[in-house]
Amino acid sequence: MGPWSKGRKFVIIRNVTVIGGQEAAPITGAEVVVTDGRFSAIRPATDAARPAPGGTPVLDARGGYLVPGLWESHTHLGGHAWFKPENERAKYVSQLLTDFLSAGVTNVVDLGGPLEMELAARDYRDKATDVAAGLFFAGPVFTGVKGWPVLDDPARAPIAYQTDNADVAYRQALELADQVDFIKCIYDGEPGAADKLPLDALKGIVAAAHEKGKKVLVHVHERIDLEEAVASGADGIEHAFQPEDPGSTAEALDVAALLAETNTYYCPTLVTWEQIAHNGEAGYLQQLIDDGFATHDDIPQITRRPIYGHQFPRHSAQDSRIRFDYAMRTLALMHDAGVKITAGSDVAMLMPSPPVALMRELHLLAKAGLPLPAVLAAGTRHAAEKIGQQATTPGTITVGAIADALLLDADPYVDIAHLVDRSHHIGTLRAGRPSWEMASS
């Protein structure tokens, strides 16, 4: 880790354009000062010529672009680790967090898994000597009795609280909120069905979480699920909803108005629906290669996965294609209406790795017509805000914030490839620790 490993607590980065992740214009030729792992000064070129204090490491950014460290705002690390022996899962999650950091992702939001495993993973990371992405998690999700994602598999019981009782759900949520960073609910299924979380239970869970100062994210399927979740006080909606009329944008505009009015965050997980819709299609894998998200060497390990070519539980390829196509057509409209969109990949069943799935998600957001500053916001500050972390880990380059950042060699506001193609990544800052060596002292 260069100068940082020598015990110094100050780092200066010079010759850099700072894109802070907010609406302010980029600062060219800037000097960025990091003190004790936080940004302590961000100065324009006219103020940056002062000599560095003796012994302070100075890093030459070579005219690069410093952006906030990326956030994966919807994944399931426990799902990726499930095939490992139980005593190896925490270590494997730790390795995934290291892999995320190497891809420029400084924080990962886990949307549900066994609480013991997530606590163990966090404890493992706290004791590790290497640097990795930060971890925020929900623990078990709330769902109906034998609801998604448990269904009829008793082995999956630890990943969810299955409930049909609002009072019980409220008490469980109060207890869980003390152990997790936010709470996740699955509100998916036919109204009144036994496997769907009851609406009064959803309301009780939200009330309990908010009493504890924690956010609630809600997985939805159809528009009515989304509307009821928002009315219940949900802070974030997970997954693009399935429209009643895929040929009309009116539904998206109505939903956009609701989300914008209530300041509810929206995580469409485009890459999830893309993968499920095209699972088993050789042409899709070739498209990933052509777009730079896979290589020919990746294809054999992808096609050997048990899920490859088989229907995904709960969601058909046809329905997933509808959700994907509709979201791709309407996300720009939703952004224009003021909806705060976040970037999350959820599953990486056809991707070489989970970090690549997030890069594909960012690429798809740009392809859907979001302006590139909005894509960066989706992959940074909106993710932090969605789970209530904007005070200390805001996903921005601002004075006082934890110094998480990604250094690029080209402007991410010119081409999305400059952000998602790792050939453009020079290095990262994780809590002020630089991963690149360019000391000019």
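Reader: Where in the chain is E222 found, and which residues gather with E222 in a patch of negative charge?

Author: In this predicted model, E222 is found in the loop between β11 (216-220) and α6 (223-231). Its relative accessible area is 36%, and because buried means under 20% and exposed over 50%, E222 counts as partly exposed. On the surface, the residues that gather with E222 in a patch of negative charge are E190, E244 and D245.

Reader: Which side chain of opposite charge is nearest to E72, and how far away is that side chain?

Author: E72 lies in strand β5 (residues 70-75), where a polar atom of the E72 side chain is 2.9 Å from the backbone nitrogen of H74. E72 is buried yet has no salt bridge. A salt bridge needs a side-chain nitrogen of Lys or Arg within 4 Å of a carboxyl oxygen, whereas the nearest side chain of opposite charge to E72 is 7.6 Å away and belongs to K386.

Reader: Which residue meets D225 in a salt bridge, and are the two partners buried or exposed?

Author: The side chain of D225 takes part in a salt bridge with an N to O distance of 2.6 Å. This pair links distant parts of the chain, 29 residues apart, with D225 in helix α6 and its partner in the loop between β10 (183-187) and α5 (199-211). Both residues are buried, and the partner of D225 is K196.

Reader: In which helix do R381 and E385 lie?

Author: The side chains of R381 and E385 meet in a salt bridge at 3.7 Å, N to O, and both residues are buried. They are 4 residues apart, about one turn of the helix, and that helix is α14 (residues 381-386).

How values were computed:
Residues are numbered from 1 along each chain as its sequence is written. This is a predicted model: local features need pLDDT of at least 70, side-chain atom pairs count only at pLDDT 80 or more; totals for chains, interfaces and linings use all residues. Side-chain values use heavy atoms; hydrogens and water are left out. Patches are made of residues with over 30% relative accessible area and no salt bridge: like charges are joined within 9 Å, nonpolar side chains (Val, Leu, Ile, Met, Phe, Trp, Tyr) within 5 Å. Accessible areas come from the Shrake-Rupley method with a 1.4 Å probe; for residues, only the protein chains shown count as cover. Lys and Arg count as positive and Asp and Glu as negative; His and the chain ends are not counted. The place of a charge is taken as NZ of Lys, CZ of Arg, CG of Asp or CD of Glu. Helices (H or I, at least four residues) and strands (E, at least two) are DSSP runs, numbered from the N terminus. Buried means under 20% relative accessible area, exposed over 50%, partly exposed in between (1.4 Å probe, protein chains only). A polar contact is a pair of N or O atoms within 3.5 Å; within protein, one must be able to donate a hydrogen and the other to accept it, and residues adjacent in sequence count only if both atoms are side-chain atoms.
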